[in-house]
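This report describes the fold of each chain and then the contact between the chains. The sequence and the structure come first.

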Amino acid sequence: MADVNRGNRPLSPHLTIYRPQLTSITSILTRITGNALIVASLLMVWWLLAAATSEAAFAVADGVVTSLLGDLVMTLSLWGLWYHTLAGVRHLIWDNGVGLEIETAEKLGWAVVIGSVVLSVLTLIIII
Amino acid sequence: MRFLTDRKRATGMGSAHKGTEHFWNMKLSSVALLLLIPFFLLTVIPMLGEPYADVTAHFARPFPALVAALTLVVGFVHFKDGCQVLIEDYVHGTAQKVTIILMTCLCYAAAATGVFAIARLAL
């Protein structure tokens with residue numbers, strides 16, 4: 001009788017009970033930025049396909065990507081890309097069983113947050 | 001349901017034993033992207049908003065074309081694996097399977113479209 005009470009078990013408390021912490025916020029931001037990058041990725045595919053199709057199609061796609069809304073999406077995505085990249089590096093470090101102590105994990109968290117903003121600004125300076 | 005034995009209820013409900021492979025694939029694609037992303041940001045993104053003739057001439061060169069194609073393919077494979085974990089966490093049952101299938105199809109379609117576009121520009 002392994003599961004007489006299937007579906008009616010108490011749940012352990014999570015989101016609603018814990019105070020937000022740097023480690024938990026940086027963790028969920030990794031997921032949000034990674035998945036949100038689908039928007040910019042599909043825009044890039046559309047832009048490339050338009051460039052391969054005709055000058056008129058390119059004008060439409062390029063107009064959308066470089067419009068005010070397009071610039072906003074691409075700039076936010078640039079930050080998301082750097083954030084997700086640095087957070088990924090943090091996971092590659094953690095995969096070795098290193099840096100998992102709370103103080104180190106929080107330092108790495110700040111490095112990801114600050115580093116992503118610095119790298120985004122640097123990229124914008126270089127590519128604009 | 002109550003007439004089934006515990007053994008019968010448990011069969012087929014466990015791990016598919018693909019967890020390690022999934023973890024390794026994500027690690028592999030993440031390291032590859034770590035190398036590709038800086039090149040992508042420096043050789044592909046600056047072409048946004050440039051004149052049509054310049055863009056087509058740019059991707060006719062091997063390096064920008066290869067960086068763009070590799071980043072898109074590895075990026076969409078990495079997205080497919082990562083998004084699968086997201087779906088597995090928040091969607092359950094048949095809806096989970098349907099969402100994973102649709103998302104996987106979208107990723108391969110987008111990657112193929114990107115490679116086709118770059119090949120057409122490059123050749």
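Chain A holds four helices and zero strands, and from the N terminus on its elements follow the order α-α-α-α. The model is a predicted one. In chain B the secondary structure amounts to five helices, again with zero strands, and reading along the sequence gives the pattern α-α-α-α-α.

The overall dimensions of the two chains can be set side by side.

| Chain | Residues | Radius of gyration | Value for a compact globule | Span along principal axes | Buried residues |
|---|---|---|---|---|---|
| Chain A | 128 residues | 21 Å | near 14 Å | about 65 × 40 × 25 Å | 27% |
| Chain B | 123 residues | 20 Å | near 14 Å | about 70 × 25 × 25 Å | 27% |

For chain A, a radius of gyration of 21 Å stands against the value near 14 Å that a compact globule of 128 residues would have, and the C-alpha trace spans about 65 × 40 × 25 Å along its principal axes. Among contacts in chain A between residues at least 6 apart in sequence, those that join residues at least 24 apart make up 69%. For chain B, the radius of gyration is 20 Å, where a compact globule of 123 residues would have one near 14 Å; of its contacts with a separation of 6 or more, 73% are between residues 24 or more positions apart.

Turning to the interface, 28 residues of chain B are in contact with 25 residues of chain A. On the side of chain B that touches chain A, the elements giving two or more residues are α2 (19-43), α3 (52-58), α4 (62-90) and α5 (93-122) of chain B, and the largest share, eight residues, is that of α4(B). By class, this side of chain B is made up of 18 nonpolar, seven polar and three charged residues.

One helix pair across the interface can be followed in detail. Which angle and which axis distance describe the packing of helix α3 of chain A with α2(B)? Helix α3 (residues 68-94) of chain A packs with α2(B) at an angle of about 135°, and their axes are 10 Å apart. Because of that angle, α3(A) is oblique to α2(B). The crossing of α3(A) and α2(B) is left-handed. On the side of α3(A), the residues that take part are A:L81, A:T85, A:G88, A:V89 and A:L92, and they meet B:S30, B:L34 and B:I37 in α2(B). Sorted by class, the residues of this contact between α3(A) and α2(B) are five nonpolar and three polar, with no charged residue.

Notes:
Residues are numbered from 1 along each chain as its sequence is written. Chains are lettered from A and ligands numbered from 1 in the order in which they are written. This is a predicted model: local features need pLDDT of at least 70, side-chain atom pairs count only at pLDDT 80 or more; totals for chains, interfaces and linings use all residues. Two residues are in contact if their C-beta atoms, placed from the backbone, lie within 7 Å. Ala, Val, Leu, Ile, Met, Phe, Trp, Tyr, Cys and Pro count as nonpolar, Asp, Glu, Lys and Arg as charged, and the others, Gly among them, as polar. Axes are lines fitted to C-alpha atoms, for helices over the stretch in contact, and angles run from 0 to 180 degrees between N-to-C directions. Angles under 35 degrees count as roughly parallel, over 145 as roughly antiparallel, 65 to 115 as roughly perpendicular and the rest as oblique. A crossing is left-handed if the near helix is turned anticlockwise from the far one by less than a right angle, and right-handed if clockwise. The radius of gyration is taken over C-alpha atoms; the globule rule is 2.2 Å times the number of residues to the power 0.38. A residue is buried if 20 or more other C-beta atoms lie within 10 Å of its own, exposed if 12 or fewer, and partly exposed in between; C-beta atoms are placed from the backbone.
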